[in-house]
Amino acid sequence: MSALPWTIYVSLAGATLLLALGRASPWVARGLALATALAGAALGATGAAGFTAQPGLQTLVNIPWVAGPGIRYHLAADGISLVLVMLTGLAATAGVLFSWNVRERAAEFFALYFLLISGVYGVFLSADAFLLFVFYEIAIVPKYFLIANWGSTNREYGAMKLVLYSFAGSALVLAGLLWAHAAGGGQGFGLAELTRAASALPAAQQVPLFGLLFVGFGVLAGLFPFHTWAPTGHVAAPTGVSMLLAGVVMKLGAYGCLRVALPLCPAGFAAWQPLLGGLALAGILYAGFVALVQEDFKFVIGYSSVSHMGFVLLGLAAATPQAVAGAVLQMFSHGVIAGLLFAVVGRMVYERVHTRRLDHLQALGLHRQLPFPALVFVLAALASMGMPGFSGFPAELSILIGTWRTAPLWALGAAAGVVIAAAFTLRVLQVSFFGPAEPVAPTDAHPPPALDPITWPERAGAALLLAATVYVGLKPDALLGWILPALQSPALQPILRGTTP
Amino acid sequence: MTIDYSELLHAFRPEACLVAGALLVLGLDLATGRGRTAERRARNAALLGLLALAAALAATFAAAPTGPVAAGTMLLDPLARVTRTGVLGLALLVLAATPGTLRLPHAAEYVALLLFATAGFTLMAGTTSLLLGFVALELASVALYLLAGFDKSRPESAEAALKYFLFGAVAAAFLLFGFSLLYGLTGALELPGIARGLAAQPVSPLLLVAVVMVLVGFGFKAAAAPFHLWAPDAYQGAPAPAAALIASAAKLAGLAFFLRLLESGLTAPAADGPPAPWTGALAVLATLSLVVGNLAALGQGNVRRLLAYSAVAHAGALLLGVLVSGRAGPGPVVYYAVTYGLATVGAFLVLAVLDGQGGAQAHADLAGLRRRSPLLAGVLAACLLSLAGIPPFAGFLGKFLVFAEALKAGGPASLPGAIALLAIALSAVALYYYLIVLKEALVRAPAPGAPAIRVPAGAALSLIATVALLLALGLLPDLLLRRF
Amino acid sequence: MNSWPILTLVVLAPWAGAALLGLRPGLGDRASRWLGLAFSLSTAALGAALLAGFDPARPGLQFVERHAWIRSLNVHYHLGLDGLSLVLVLLTAAVAPAAQLSGWGRAGPARVPTLLLLLLQGAALGVFLAQDFFPWFTCWELSLVPAYFLIRLWGGPGAARAAYQFVIYTIGGSAFLLAGFAALFASTGTFDFGQLAQLGRDGALTEQLGPWGVRAAFAGVLLGLAVKVPLWPFHTWLPPAYAAAPTGTVMLLTGVLSKMGMYGFLRLLWPLFPAQLHAAAPALLALAVAGIVLGAWAALRQEDLRRMLAYSSINHLGYCLAALFAVAAAAGGERPAAEAAAAALAGLVLQLFNHGVTAAALFLGVGILEARAGGRSGLGDFGGLRATAPALAAFAGVAFFASLGLPGLSGFVGEFLIFRGLFGLHPAAAVLALPGLLATAQFLLTAWRRVFHGPVQGAAAGFSPLTAAERSALVLLTVLMILPGVAPGILTSLTHPLVTAWAGHLTP
């Protein structure tokens, strides 16, 4: 368990080393980056090995920091944090593997990448709201430079939009946190203290406070209608960064909702609950429909991310143990799957055929020239559709179960969302890889130019992510065994109705 | 009333070092400078100036807070100590970067003026007398006017100095008028006396006029809206190191004086009493500054003007900090001012280095800075991000502390709370315009044929020290806060 | 017999074959085909063992395997066999190898299509043997994947759209089935079919879900199953899919996958929601009859053999649905007609097996025709095949007449029993369904006449003789069409106690 804080420090050290030594050659940069990512993942796994699930956060580090407002450097973890730390380790490693071919200023790329990762690890491990906010903010600026420097379509606009939305969301969160802090007489910023202070407020105050916190965090999670940054930003970003953004960074928002917004204002949450469920459903369905009509491969995946995050938010809004457990499981599952999807679209396909337009891809019939990416994308698409055998299915099943308890209509809406997800995923799968609807007779003249073979980092990254989603799909207890006890913590109990099975 | 000269000397040691240093610089240059090259003379002057500043800094550290001295005209408390340290540190950073970046004749005069200005600042930091405070303020201001116009090769510099002087003189007039009204109402020039005098009488229209005058005067000096109109031109035209000093140390010293004036002078001795008459006016100034500063900065294409408007916005936040410093003590707002000063100095020093090698006025002049000089690009990024309030830089913590105090003061529905919420909302706007600058510097490719930039050693040291301080104070704010 | 995890072997053997084929990219066509056939026949071998060890008189599940799988969701790896499952396993054991053999003549690499057919076979077996929702639904959904790729990549004209429609329709239904079971779990905490059936019998589900909740769950499950069978009007995906799919796939689709839907009705919908089904049964019966009549009428108007047989499938499955709904409608009525119900149910189960074999045989025949006619399968493309391909005509004749319901062939007994039951339970429905029988006779005979009789024309000229693979497949299926016709007791003995038990539940 005590290995967990080192995930943050190792990532920061890696970033520093990359700036210092990595400029020598791209190979040095790549090696350092992979080592850092693997170290982080290993530390996460070590922490997981020594973890016994209990309700409540288990403190890792707790030292005074800023005496005036009572801020402490307080790191702690429970089952939920652990699941997300593991996800980060996986996503970071896969992201490095799929960014292996970044040649221009690779050291700076990976340095910014790991600065972002360290912020992410920090958010998942913080037990002091100020500290959580600091890490949340640290994760914002590297995104701008990663996208603006190494991105593709419309990168400066996409980067600015993404960063400004994230920052605006965090501004709302700051306002909320300061308000809660003030309500407690300014004694401290620990999550426990803020919870005590804020839940003691009258309902009339809890409602706007909850709104600030949930919407603030929700912006980063792709809450409808504040989600428009996500497709633009993810499309603009380079592959490794999109994998991270859609895979992990969006989960920061959802995690903030779960860890901060929900426990702090139970009465506020109760008032907002119907609207939140509606917004989550709107996100699922709207993004799904928009994905169905996109003409750019990457945009489909971008919108699919918003749709899948809608499931997470729906689970949180339903607020029963199964629903929230499903939401956390979906966070992990979608993190892995989004990584796979962006990896195939960006690294395997786009960097070889230099087009993302579906009509161009359809004419190419790529499954013949790129069989391995086709297979990977088939599996990733099945996982994304919520097919049993992959991690998305137990997550969506849990969300459906938990949501039924709260509002059966939401469960039906979610089921409709599953169908739409199947529709747009299948459409993009068949159009992008399996050629035209009516097979054209091959023209004799020129065989298509041979495409670059699939490199070993791509294979390794794909194998890693696929293994993760299949393992969790067949044995979700591995993660649920951590998540469910964590949901019994005293902080979450006032929110969750129903009993844990 | 006997004057204890040893105590006086002890209290004024920093100022003595500075004035002595200034005179020495002038004298030495006059005596020996004829045969030497301009660069040599500039270097010698700068070295002497640095020595003087270092001596003053040492003196400040050595003097433990003692209390009122010199017949109540000075108060050596933690606020004074911290402010003096901050001012001296900022001046040190600016002066260290000057050789090599500022190719000016009359370098000795330049250094002397800088030292005089700093002396004025350090006096302002500790004074509790209206008269001494005014004298110190004017000492500093006159020196700064001259520094702003020091670059005789550019007409913008003269224009900047003239504008600054005109507005500043008007401000001084307002201030003096307000002070004289206060003296008239209470019969005392020292702040404790004024407080006693005001407590004994009801709030009269004359007092309100005095307060308004004082606020107007300080508003001009601090570049708070709607008295900020001199700032963009002054920041744009003045030589970059001068602008750095104007933006940073002047604000810090002025803040300290203003704080003292408002807290110990104009409020009733009981701190938790009904809100003072100046609260509303201050709130209006703060709000206007925040809104005008942030929104006007959005449309700027010139980096200096952008920094000027950003100064206006930050002045708004500082005024918010002043508003709540009654309850929270001066810690948060002084921390904010110090870290704001550091970040601004860093940004202007980057511009100063660029000025010497191609000019840095429009955003586009910064294009490709990353490639031309990674050091400058990195420092610029650190400073602008600190101004934007991004952790782990100190600017974030400064904003956080001030806003936390504001919301604690009365909750989100109260006046300070509402202003804090507005400021938080506007910070998203601020990030946009800072990122626009950083986009030029770190994303855009350099203009074809743009040469690499050589950063002089002194400037490099200054810049690195600035960033190091921003990080250190950001990660360990108690280094500063626990001095209070 | 519980020491051997025989049911797991049944499901895993085809998948093991698929894995073997998948991991050896260099495998040649001959090796692929023979391996595929071997693994496909494993079901037959294991099915024989099951048959030997099965005791029809014992109620409940046999060869049960039950292990905890996902504790957090109370999910168990639970396999079990009763008469119904056994019949369907045997059906799969027959149709799947025939489907494999049908593809032996196809041009192009054989490894991947063979692999996909094995995956499909395993998934179907999993559906028939799983007794807990999680593994059941896993197999249910996974069956779509190989079917999709088989249609999409090896199908005829219109395959892309047909495949897409097929998958999306099915998922459209099964998403709501999933929601229904989520609701059930939310209220009962179990996914086990046996436990849920117990609760359904006791009326506890209505208590725990509330009247509207249980209706919603019922509707969801119904929707998912209705699309699969299909029940009119959820059938529109079927004709294009059957028309476009390659021969082996369509044999499995009509022979096995459509039975998955019927199986679901019997294993899930009826035991869990007896009261709701009873309430909805009259309306559903009307839909079933509509399917019978409209399916036959549409088949009558087709010019393409494949589409004709597709609509014929809808028609034939309509009989099964009608039987079930008639029985459900009569449950707890004033005249508990247990004997009629028993007849209907017995006929239903028989028809499941017999239609599976028959339809597969018919599509196999069409596939053989297509292979020699360049992919065309229109009624006008052939003529007088009796002269040029007498063997095929003989086999096809058996299939046509079995489908027609000629006494002595397998189709008769099932249809007879169903109609006997229908007349007893719901005479109106039986009368309305009769034209379906007549129409079926008409289109089948017309097709028979046009294709096999008359002057030799079209692709019938120069008809190459049957390959060994085609012949073997046809022999296998034909035997299974004749045997149950002359000796139906083999099958009915397996299902009789089960059917009696079902019918017995109806008496109040």
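The largest cavity in this predicted model has a volume of about 350 Å³. Its lining is made of 27 residues, and if you want to find the middle of the cavity, look for Lys221(B), Ala222(B), Ala250(B), Lys251(B) and Gly254(B), which lie nearest its centre. Five helices of chain B give two or more residues each to this lining: α5 (107-126), α6 (130-148), α9 (205-222), α12 (249-266) and α14 (303-328). What kinds of residue line the cavity, sorted into nonpolar, polar and charged? The lining of the largest cavity has 22 nonpolar residues, three polar ones and two charged ones.

From α9 of chain B you can step into the loop that leads on to α10 (231-237), where Pro226(B) lies. The peptide bond that runs from Ala225(B) to Pro226(B) is cis, and its omega is near 0°. Ala223(B) is found in the loop between α9 and α10 of chain B too. This residue is not a glycine, yet its phi is positive, at about 60°. Why stop at such details? Most residues other than glycine have a negative phi, and most peptide bonds are trans, so exceptions deserve a look.

Chain B offers another cis peptide bond to visit, the one that joins Pro391(B) and Pro392(B), with omega about 0°. Pro392(B) sits in the loop that connects α17 with α18 (394-410) of chain B.

Now let us turn to the second largest pocket, where α17 of chain B comes up again. This pocket has a volume of about 1500 Å³. There are 43 residues in its lining, and those nearest the centre are Leu19(A), Leu112(A), Leu115(A), Phe393(B) and Leu471(B). Both chains take part through elements that give two or more residues: chain A brings α1 (5-21), α4 (106-125), α5 (129-138) and α6 (141-150), while chain B brings α16 (369-372), α17 (374-388) and α20 (457-475). Which element gives the largest share of this lining? That is α17(B), with eight residues. By class, the lining of the second largest pocket holds 34 nonpolar, four polar and five charged residues.

With chains A and B both in view, it is natural to look at how they meet. Here 33 residues of chain A are in contact with 35 residues of chain B. The size of an interface is often given as the accessible area lost when the parts come together. For chain A and chain B, the area buried between them is about 2900 Å², and 78% of it is on carbon and sulfur atoms. The interface also has two salt bridges. One to look for is between the side chains of Arg444(B) and Glu156(A), at 2.6 Å from N to O. Polar contacts add to the picture, with four residue pairs found across this interface, both partners at pLDDT 80 or more. On the side of chain A that touches chain B, at least two residues come from each of β1 (58-66), α5, α6 and α7 (155-183). The largest share there, 13 residues, belongs to α7(A). This side of chain A divides into 25 nonpolar, four polar and four charged residues.

Chain A has a partner in chain C as well, and their contact takes 38 residues from chain A and 35 residues from chain C. Together these two chains bury about 3200 Å², with 76% of that area on carbon and sulfur atoms. Three residues, Ser72(C), Arg152(C) and Tyr164(C), supply 17% of the area that chain C buries against chain A, more than any other three residues. How many salt bridges does the rule find across the interface of chain C and chain A? The number is zero. Polar contacts are present, however, with a count of seven residue pairs between chain C and chain A, both residues at pLDDT 80 or more.

To trace the side of chain C that touches chain A, follow β1 (62-70), α5 (133-142), α6 (144-154), α7 (159-188) and α10 (211-228), each of which supplies at least two residues. Among these, α7(C) gives the most, with 14 residues. This side of chain C is made up of 27 nonpolar, five polar and three charged residues.

Key. Residues are numbered from 1 along each chain as its sequence is written. Chains are lettered from A and ligands numbered from 1 in the order in which they are written. This is a predicted model: local features need pLDDT of at least 70, side-chain atom pairs count only at pLDDT 80 or more; totals for chains, interfaces and linings use all residues. Side-chain values use heavy atoms; hydrogens and water are left out. On a 1 Å grid over the protein atoms alone, a cavity is a set of points where a 1.4 Å probe fits but cannot get out, and a pocket is an open set with protein on both sides within 12 Å along at least five of seven lines; lining residues have an atom within 4 Å of a point. Grid points are joined across faces, edges and corners, and a volume is the space filled by probe spheres set on the points. Helices (H or I, at least four residues) and strands (E, at least two) are DSSP runs, numbered from the N terminus. Ala, Val, Leu, Ile, Met, Phe, Trp, Tyr, Cys and Pro count as nonpolar, Asp, Glu, Lys and Arg as charged, and the others, Gly among them, as polar. Contact means heavy atoms within 4.5 Å. Buried area is the accessible area (1.4 Å probe) that two parts lose on being put together, summed over both. A salt bridge is a side-chain nitrogen of Lys or Arg within 4 Å of a carboxyl oxygen of Asp or Glu. A polar contact is a pair of N or O atoms within 3.5 Å; within protein, one must be able to donate a hydrogen and the other to accept it, and residues adjacent in sequence count only if both atoms are side-chain atoms.
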